[in-house]
Amino acid sequence: MTDAPLLEIDDVVVEYGRGRKAFRALRGVSLDIAPGECVGLVGESGSGKSTLGKAVLGLAPVAAGRIAFGGRDITHAKGAQRRGLAADIQVVFQDPYGSLDPAMTIGDILAEPLTAGGLGRREARARVAEMLDRVRLPQASVDRLPNEFSGGQRQRVAIARALVRRPRLIVCDEPVSALDLTTQATILDLFIELQRDTGVSYLFVSHDLGVVRRVCHRVAVMYRGELVETGAGEQITRAPAHPYSERLRLASPVADPAAQRARREAWLQTRTAWDAPAPVA
Ligand code: ADP
Ligand code: MG
């Protein structure tokens, strides 16, 4: 069965803290990702996007629901099972400065997951060379340290490291949010190209609807711990089914200053209603 989902997230609840102080960051979220599919997860800060990514990676306290990968339940995978998943599920974080060990050369950063996974040194070196080509970094990068690179180049290293074991899924958590707009565009194009060439799937988290639209086949809109809308990015931009999706569209920056001013005005119009406390039933 080729169309069986790669990742199944079924009614997942995540709670931080316990008892009366417990905070429910995910309130029953369901989402499937097919092999080779890129699903964007968009929503404002604090809506629970990173929490969903962490739940998939085994880094969030899942209180209820089920997560399966390749048909296997991984909801509470620990120890050896969780370590084994690292070959299949990888992650790219927002901060290209904090996520790379400053004392390791790029060559070691990329080879380490391979040798730890049992690959011989010679094969590891060949794979590292292939990865540098894929992310368009010069081969001479292997002898350099992370601080010799710009933010965009570091994010290329982080992407290469995520890809080096040929995973089937990469959780990308705001991977271009720390970069300037021009660099964002080139890194997003790289994500698209790598997806096409390798057939990897992405769970691609961003607060920016414009960013996920560009990369993803499908977009899920998160609001206060719930998915309120799922559809093609085009459809969510043109005809948002949920008022919150429209607000996200208006919050996404555009290059044309006049259009940007108009967006901001419209966004401010929506603000009062959305920021008011919910009416008591
Ligand atoms: P997003 O990525 O959409 O900005 P997060 O998933 O990081 O949102 O956070 C969702 C909510 O959960 C926020 O209200 C945040 O304060 C809370 N939260 C996240 N991580 C923790 C944690 N480790 N402990 C307690 N609360 C947390
Ligand atoms: Mg986040």
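This report walks through a predicted model of one protein chain, from its overall build to single residues.

**Overall build**

The protein chain folds into ten helices and ten strands. Its C-alpha atoms fill a box of roughly 65 × 45 × 40 Å along the principal axes. The radius of gyration is 20 Å. A compact globule of 281 residues would have a value near 19 Å, so the chain agrees with that expectation.

Of the 281 residues, 44% count as buried. Contacts tie distant parts of the sequence together. Among contacts with a separation of 6 or more, 66% join residues 24 or more positions apart.

The accessible surface comes to about 14,200 Å². Carbon and sulfur atoms account for 50% of that surface. As for charge, the chain carries 37 positive and 33 negative side chains. The centres of these two sets lie 3 Å apart.

**Helix H6**

Helix H6 covers residues 181–198, which is 18 residues. From its first C-alpha to its last, H6 reaches 26 Å. That is close to the 26 Å expected at 1.5 Å a residue.

Which residues of H6 are buried? They are Gln184, Ile187, Leu188, Leu190, Phe191, Ile192, Leu194 and Gln195. These buried residues pack against several other elements. The helices among these partners are H4 (121–134), H5 (151–163) and H7 (209–215). Strands E7 (169–173) and E8 (201–206) are partners too.

Gly199 lies in the loop between H6 and E8. Setting aside residues up to four places away in sequence, Gly199 touches Gly36 and Leu194. Leu194 is one of the buried residues of H6. The C-alpha atoms of Gly199 and Ala239 are separated by 29 Å, with their positions 40 residues apart along the chain.

**Accessibility of four residues**

The table sets out four residues, each with its place and relative accessibility.

| Residue | Place | Relative accessibility | Class |
|---|---|---|---|
| Thr51 | helix H1 (residues 49–57) | 9% | buried |
| Glu226 | strand E10 (residues 226–231) | 35% | partly exposed |
| Gly199 | loop between H6 and E8 | 40% | partly exposed |
| Asp11 | strand E1 (residues 7–16) | 45% | partly exposed |

Why does Thr51 count as buried? Its relative accessible area is 9%, and the buried class takes in values under 20%. Thr51 touches Val14, Tyr16, Ala25, Leu26 and Ala60, leaving out residues up to four places away in sequence. Val14 and Tyr16 fall within the residue range of strand E1 (residues 7–16).

Glu226 is in strand E10. What does Glu226 contact beyond its neighbours within four places in sequence? Its partners are Arg27, Val29 and Val221. Glu226 and Arg27 are 199 residues apart along the chain, yet their C-alpha atoms are separated by 5.7 Å.

**Backbone angles**

Most residues other than glycine have a negative phi. Two residues here depart from that pattern. Asp11 is not a glycine, but its phi is positive, at about 55°. Asp11 sits in strand E1 and, at 45% relative accessibility, is partly exposed. Arg166 is not a glycine either, and its phi is also positive, at about 55°. Arg166 is placed in the loop between H5 and E7. Both H5 and E7 are elements that the buried residues of H6 pack against.

Definitions and conventions: Residues numbered from 1 in each chain as written. Chains lettered and ligands numbered in written order. Predicted model: local features only at pLDDT ≥ 70, side-chain atom pairs only at ≥ 80, totals over all residues. Heavy atoms only, no water. Helix = DSSP H or I, 4+ residues; strand = E, 2+ residues; numbered from the N terminus. Rg over C-alpha atoms; globule rule 2.2 N^0.38 Å. Buried < 20%, exposed > 50% of the residue type's maximum accessible area, 1.4 Å probe, protein only. Contact = heavy atoms within 4.5 Å. Areas by Shrake-Rupley, 256 points an atom, 1.4 Å probe, with all protein chains shown as cover. Lys, Arg positive; Asp, Glu negative; His and termini not counted. Charge placed at Lys NZ, Arg CZ, Asp CG, Glu CD. Expected span 1.5 Å × (residues − 1).
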